[in-house]
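Student: I would like a close look at a single part of this chain, taken slowly and set in the context of whatever surrounds it. Could you choose one strand and work outwards from there?

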Amino acid sequence: MKGNVIKYARDNIDTDVIIPGQYLKVHDYAELATHAMEGLDPDFHSKVKEGDFILSGRNFGCGSSREHAPIALSHSGIKAVLALSFARIFYRNAVDGAFLLPIEIDQDAYSDISEGDQIDIDIKTNQINNLTKNKTYKMKPFSEIIGKIIEAGGLFKYKPD
């Protein structure tokens, strides 16, 4: 996966700013996507492009359990969120619904990757290649079960061995 980085250099980005509560009754995913990150960045919709990535600090997706959050992000064009850590409910909503990849990174990668950098993510080798800076970073590997769910295309398509 190759795309550009939209960086939010902060921790605890919660589901209330990823998709504000007034849009939870919107069932059209394309319309929902137009409000992604509106609570934090009103200009997000105009700068995100298909295949982009969000980079954030610790505890991304905390707050209430809203599958709307990964849905809105994925339908806006986001393919993965890279963060130092995730709220577990956001992580599982993203994976189980096959909406986007929650990729955990270390502090060095977080500090070094900048807004607008073009990166290439290889989940088979657990590497992130920063094409802008010609650097490579490791990502935390997915657990075996999460890897199988991702490979199947979500929890509903996953068939245990």
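Tutor: Let us take strand β5, residues 118-122, which has a covered face made of Ile-119 and Ile-121 and an uncovered face made of Gln-118, Asp-120 and Asp-122. Before going further, please keep in mind that this is a predicted model, and that everything below is computed from it.

Strand β5 has two pairings to consider. Towards β1, residues 2-8, strand β5 runs antiparallel, with 3 bridges joining the two; within this pairing, Asn-4 stands opposite Gln-118, a residue of the uncovered face of β5. Towards β6, residues 127-130, strand β5 again pairs in the antiparallel sense, here over 4 bridges, and Ile-121, from the covered face, has Ile-128 as its bridge partner in β6. The hairpin formed by β5 and β6 has 4 residues between the strands, and in that hairpin Asn-126 takes a positive phi near 55°. Most residues other than glycine have a negative phi, and with that background two further asparagines deserve attention. Asn-134, in the loop between β6 and β7 (135-138), has a positive phi of about 55° although it is not a glycine, and at 73% relative accessibility it counts as exposed. Asn-59, which lies in the loop between β2 and α4, likewise is not a glycine and has a positive phi, of about 65°, but Asn-59 is partly exposed, with a relative accessible area of 26%.

From β5 one can step through β1 to the parallel pairings. Strand β1 is joined to β2 by 4 bridges, and these two strands run parallel; Ile-6 has Ile-54 as its bridge partner in β2. Strand β2, residues 53-56, sends Phe-53 and Leu-55 one way and Ile-54 and Ser-56 the other way, and all of these are buried, whereas β5 has an uncovered face. On from β2, the pairing with β3, residues 80-83, is parallel and extends over 4 bridges, with Ala-80 in β3 as the bridge partner of Phe-53.

The helices come next, beginning with α4, residues 68-76, since β2 and β3 are included in what covers its buried residues, together with α1, α2 (29-33), α3 (44-47) and α5. Helix α4 is mostly covered, 8 of its 9 residues being buried: these are His-68, Ala-69, Pro-70, Ile-71, Ala-72, Leu-73, Ser-74 and Ser-76. Gly-77 follows α4 with a positive phi near 120°.

Helix α5, residues 88-96, has Phe-90, Tyr-91, Asn-93, Ala-94, Val-95 and Asp-96 as its buried residues, and their cover includes α1 (15-18), α4, β4 (101-104) and α7 (144-152). Just after α5, Ala-98 takes a positive phi of about 55°. The loop between β2 and α4 also holds Ser-65, which at 45% relative accessibility counts as partly exposed. Leaving aside its neighbours within four places in sequence, Ser-65 is in contact with Ile-89 and Asn-93; of these, Asn-93 is one of the buried residues of α5. Ser-65 and Val-95, for their part, are 30 residues apart in sequence, and their C-alpha atoms are 14 Å apart in space.

It remains to place these elements in the whole. The protein chain has 7 helices and 7 strands, which follow one another along the sequence as β-α-α-α-β-α-β-α-β-α-β-β-β-α. The radius of gyration is 15 Å, close to the 15 Å that the globule rule gives for 161 residues, so the chain is as compact as a globular protein of that length. Along its principal axes the C-alpha trace spans about 45 × 40 × 25 Å. Among contacts between residues at least 6 apart in sequence, 63% join residues at least 24 apart. Of the 161 residues, 48% count as buried, while the chain exposes about 7900 Å², of which carbon and sulfur atoms supply 50%. Finally, the mean positions of the 19 positive and 23 negative charges are 3 Å apart.

Conventions: Residues are numbered from 1 along each chain as its sequence is written. This is a predicted model: local features need pLDDT of at least 70, side-chain atom pairs count only at pLDDT 80 or more; totals for chains, interfaces and linings use all residues. Side-chain values use heavy atoms; hydrogens and water are left out. The radius of gyration is taken over C-alpha atoms; the globule rule is 2.2 Å times the number of residues to the power 0.38. Buried means under 20% relative accessible area, exposed over 50%, partly exposed in between (1.4 Å probe, protein chains only). Contact means heavy atoms within 4.5 Å. Accessible areas come from the Shrake-Rupley method with a 1.4 Å probe; for residues, only the protein chains shown count as cover. Lys and Arg count as positive and Asp and Glu as negative; His and the chain ends are not counted. The place of a charge is taken as NZ of Lys, CZ of Arg, CG of Asp or CD of Glu. Two strands pair if DSSP finds at least two bridges between them.
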